[in-house]
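Hello,

Here is the structure I promised to pass on to you. Please have a look at it first, and then read on for my notes.

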Amino acid sequence: MVKVNQHPKYLKAVLYTNNVAEIAGGVVQSQCFTVQDYHYHCYRERDEQGNPYGGILSEYLDFSVVVSDLETIKFFYQSMDLIENTPVSFLFNASFGPTGRLVDFEDGLITYGYVVNVDEGCENDDVSGEEQVLLHVRMLLSNMLFLGSNAVHFLEITKD
């Protein structure tokens, strides 16, 4: 008997500009961005013998999203002015129903942080004539929540 892998070969990620756990039934596909890439790094300090100590630290969360409607990127620019941290949710292999509402997702990552840099780029060589903006965002991370199929794991990075 051949065991079938139920997980897709490639992860497809979308970004929702809020905490998906607080608005799970209200997430609409048109409010999500297609994630091109993302990167973050968490670590702990080490003593002279190499033993970890202290709390978990992080540098930045860098991500790129595809934008087809320039009106929707105001959120990221407005977040740069905020004094409080901002939640964004990454949903992996999300499924949306016929009405465009979120039905299910495989895993998720909810991050809280401060938007510190926004950079736009546009490829003008799109054959179809529908140029899309690629938005690169940098956030200083404060907290992360990992949403797994069986549990939610909280990772506190700083004491905001």
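Let me begin with a question: is Asn 93 buried or exposed? Please keep in mind while you look that this is a predicted model. Asn 93 counts as buried, since its relative accessibility is 16% and the cut-off for buried is under 20%. You will find this residue in the loop between strand E4 (86-92) and strand E5 (95-96). Its backbone is worth a look too: Asn 93 has a positive phi of about 50°, although it is not a glycine.

Now for the overall picture. The chain has 1 helix and 9 strands, and along the sequence they follow the pattern β-β-β-α-β-β-β-β-β-β. There are 160 residues in the chain, and 32% of them count as buried. If you take the contacts between residues at least 6 apart in sequence, 60% of these join residues at least 24 apart. As for the surface, the chain exposes about 10,500 Å², with carbon and sulfur atoms supplying 50% of that area.

Strand E3 (residues 52-67) is a good place to go next, as several of my notes lead back to it. Tyr 60 is found in this strand. With a relative accessible area of 34%, Tyr 60 is partly exposed. Together with Val 116 and Leu 140, Tyr 60 makes a nonpolar surface patch of about 230 Å².

Asp 62 lies in strand E3 as well. The side chain of Asp 62 meets that of Arg 138 in a salt bridge, at 2.7 Å from N to O. Arg 138 belongs to strand E8 (residues 133-147), so the pair ties together parts that are 76 residues apart in sequence. Both partners count as partly exposed: Asp 62 has a relative accessibility of 23%, and Arg 138 has 31%.

How many salt bridges does a search of the whole structure find? The count is 2. Besides the pair just described, the side chains of Lys 74 and Glu 71 meet in a salt bridge, again with 2.7 Å from N to O. Lys 74 is partly exposed, at a relative accessible area of 43%, and Glu 71 is also partly exposed, at 48%.

Next, the pockets. The largest pocket has a volume of about 230 Å³. Its lining is made up of 13 residues, of which Ser 30, Gln 31, Cys 32, Phe 33 and Thr 72 are the closest to its centre. Which strand gives the most to this lining? That is E2, with 3 residues. Strand E2 (32-46) and E3 each supply at least two residues of the lining, which brings us back to E3 once more.

One last residue to look up is Leu 102, in strand E6 (residues 102-104). Leu 102 counts as buried, with a relative accessibility of 12%. If you want a partner to find alongside it, try Val 20: the two residues are 82 apart along the chain, and their C-alpha atoms are separated by 9.9 Å.

Happy browsing, and do write back with any thoughts.

Best wishes

Methods: Residues are numbered from 1 along each chain as its sequence is written. This is a predicted model: local features need pLDDT of at least 70, side-chain atom pairs count only at pLDDT 80 or more; totals for chains, interfaces and linings use all residues. Side-chain values use heavy atoms; hydrogens and water are left out. Patches are made of residues with over 30% relative accessible area and no salt bridge: like charges are joined within 9 Å, nonpolar side chains (Val, Leu, Ile, Met, Phe, Trp, Tyr) within 5 Å. Accessible areas come from the Shrake-Rupley method with a 1.4 Å probe; for residues, only the protein chains shown count as cover. A salt bridge is a side-chain nitrogen of Lys or Arg within 4 Å of a carboxyl oxygen of Asp or Glu. Helices (H or I, at least four residues) and strands (E, at least two) are DSSP runs, numbered from the N terminus. Buried means under 20% relative accessible area, exposed over 50%, partly exposed in between (1.4 Å probe, protein chains only). Contact means heavy atoms within 4.5 Å. On a 1 Å grid over the protein atoms alone, a cavity is a set of points where a 1.4 Å probe fits but cannot get out, and a pocket is an open set with protein on both sides within 12 Å along at least five of seven lines; lining residues have an atom within 4 Å of a point. Grid points are joined across faces, edges and corners, and a volume is the space filled by probe spheres set on the points.
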